[in-house]
Amino acid sequence: MQRTAQANLYALGAIALWASLATLGVALSHVPAFALTGLALIVGSLPTWRRWRQWRVSGAALALGVYGLFGFHFLLFIALRSAPPVQANLVNYLWPLFIVVLAPLLLPGLRLRPVHVLAAGLGFVGAALAILGGRSLNAAWAWGYLPALGSALVWATFSLGSRRMAQAGRGFPTAALGLFGLVSGGLALGCHALLEPAVHLTLRDGALIVLMGLGPLGGAFLLWDRALKLGDPRTIGVLSYITPLASTLLLILVTGRAFTLWIGLAALLIVGAALLAM
């Protein structure tokens, strides 16, 4: 029980950091997406540099890490540029549902119970309400929904894959995420050089990028890895639905927007789903 509670606290810590990503992203919306991702991921790797000896991981672990960190952000930013961003973000938030549903398929010793399916469904409805605010989805098709779906699958399979490797005795230390972030950041900056105009940063931009790197694109990954290695990925997957709600509430607080009935309903659904899963 103590191990499970510790894992859930790690997961909630990661969720709290990820909740700040949208607010920081709004403040840095003028910075090209790949440049922002690359710089933030490299900054996020800095706390692990003193443990560089733990970066000696297998090729499979490095491939999984780059697949997760770079692949997720690459597909997500492609989606946000190619589809209505609210809808694309909603599709991307299928990743907690994928974690809950795929866990029994990818991890030995787990089975999917009806309570997990119900909790995941409630959580997704709550996430949708938090993001859409009661507005209907745009019925027009945009091909950008496909990379949004791909980004959700990448993060779910990366998260479960790291747990699977640990169970098989081929896992990587948490500090190795610094290596994954460093390599992924380099790839993102390469995409920036090829696809985006040159960027000129102010001192304020630099400070916010450092904050983003040490928080949602750095420290959150370390907490998330510890949570998945200690806890039940089905419960952690449902807890992840708190992220869009917390992100929306923080944006409301920072921008001064009104708290709506839809946000309150989303809160009830998400908290209820998390309690049901646990």
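User: What should the 13 residues of helix α3 (residues 33-45) span, and how far apart are its end C-alpha atoms?

Analyst: Nice place to start! The expected span is 1.5 Å times one less than the number of residues, so α3 should cover 18 Å, and its end C-alpha atoms are 18 Å apart, which agrees. Helices here are DSSP runs of H or I with at least four residues, numbered from the N terminus. This is a predicted model, in which local features need pLDDT of at least 70 and side-chain atom pairs count only at pLDDT 80 or more, while totals for chains, interfaces and linings use all residues. Residues are numbered from 1 along each chain as its sequence is written, and side-chain values use heavy atoms, leaving out hydrogens and water.

User: What makes α3 "mostly covered"?

Analyst: Eleven of its 13 residues are buried, that is, under 20% relative accessible area (exposed is over 50%, partly exposed in between; 1.4 Å probe, protein chains only). Among them are F34, L36, L41 and V43. The buried residues of α3 pack against α4, α9 (177-195) and α10 (203-230), with contact meaning heavy atoms within 4.5 Å.

User: Why is H192 called buried?

Analyst: Its relative accessible area is 11%, so H192 meets the under 20% rule. H192 sits in helix α9, and its contacts beyond four places in sequence include F34 and A35.

User: Why is S20 called buried?

Analyst: S20 has a relative accessible area of 18%, so the same cut-off of 20% is met. S20 belongs to the loop between α1 and α2 (21-27). Outside its neighbours within four places in sequence, S20 is in contact with P216 and L250.

User: And how do you know that A273 is buried?

Analyst: A relative accessible area of 0% settles that, so A273 is buried. A273 lies in helix α13 (residues 261-277) and touches A119, L122, G123 and V238, not counting residues up to four places away in sequence. The C-alpha atoms of A273 and G126 are 8.8 Å apart, although 147 residues separate the two along the chain.

User: Which residues touch the most other members of the largest nonpolar core?

Analyst: Of its 51 residues, these are W18, W95, W155, F180, F221 and W224. Such a core is a set of buried Ala, Val, Leu, Ile, Met, Phe, Trp, Tyr and Cys residues joined through side-chain atoms within 4.5 Å. Elements giving two or more residues to this core include α1 (2-18), α6 (95-106) and α8 (145-167). A second, separate core has eight residues, including Y241 and I263.

User: What makes K229 and D225 a salt bridge?

Analyst: Their side chains meet at 3.0 Å, N to O, and the rule asks for a side-chain nitrogen of Lys or Arg within 4 Å of a carboxyl oxygen of Asp or Glu, so the pair qualifies. By this rule the count is one salt bridge. K229 and D225 are four residues apart in helix α10, so about one helical turn separates them. Both K229 and D225 are buried.

User: Why can L62 belong to a nonpolar surface patch?

Analyst: L62 is partly exposed at 31%, and patch members need over 30% relative accessible area and no salt bridge, with nonpolar side chains (Val, Leu, Ile, Met, Phe, Trp, Tyr) joined within 5 Å and like charges within 9 Å, so L62 passes the area cut-off. L62 is in helix α4 (residues 59-82). Together with V183 and L187, L62 makes a patch of about 200 Å², with areas from the Shrake-Rupley method with a 1.4 Å probe, where for residues only the protein chains shown count as cover.
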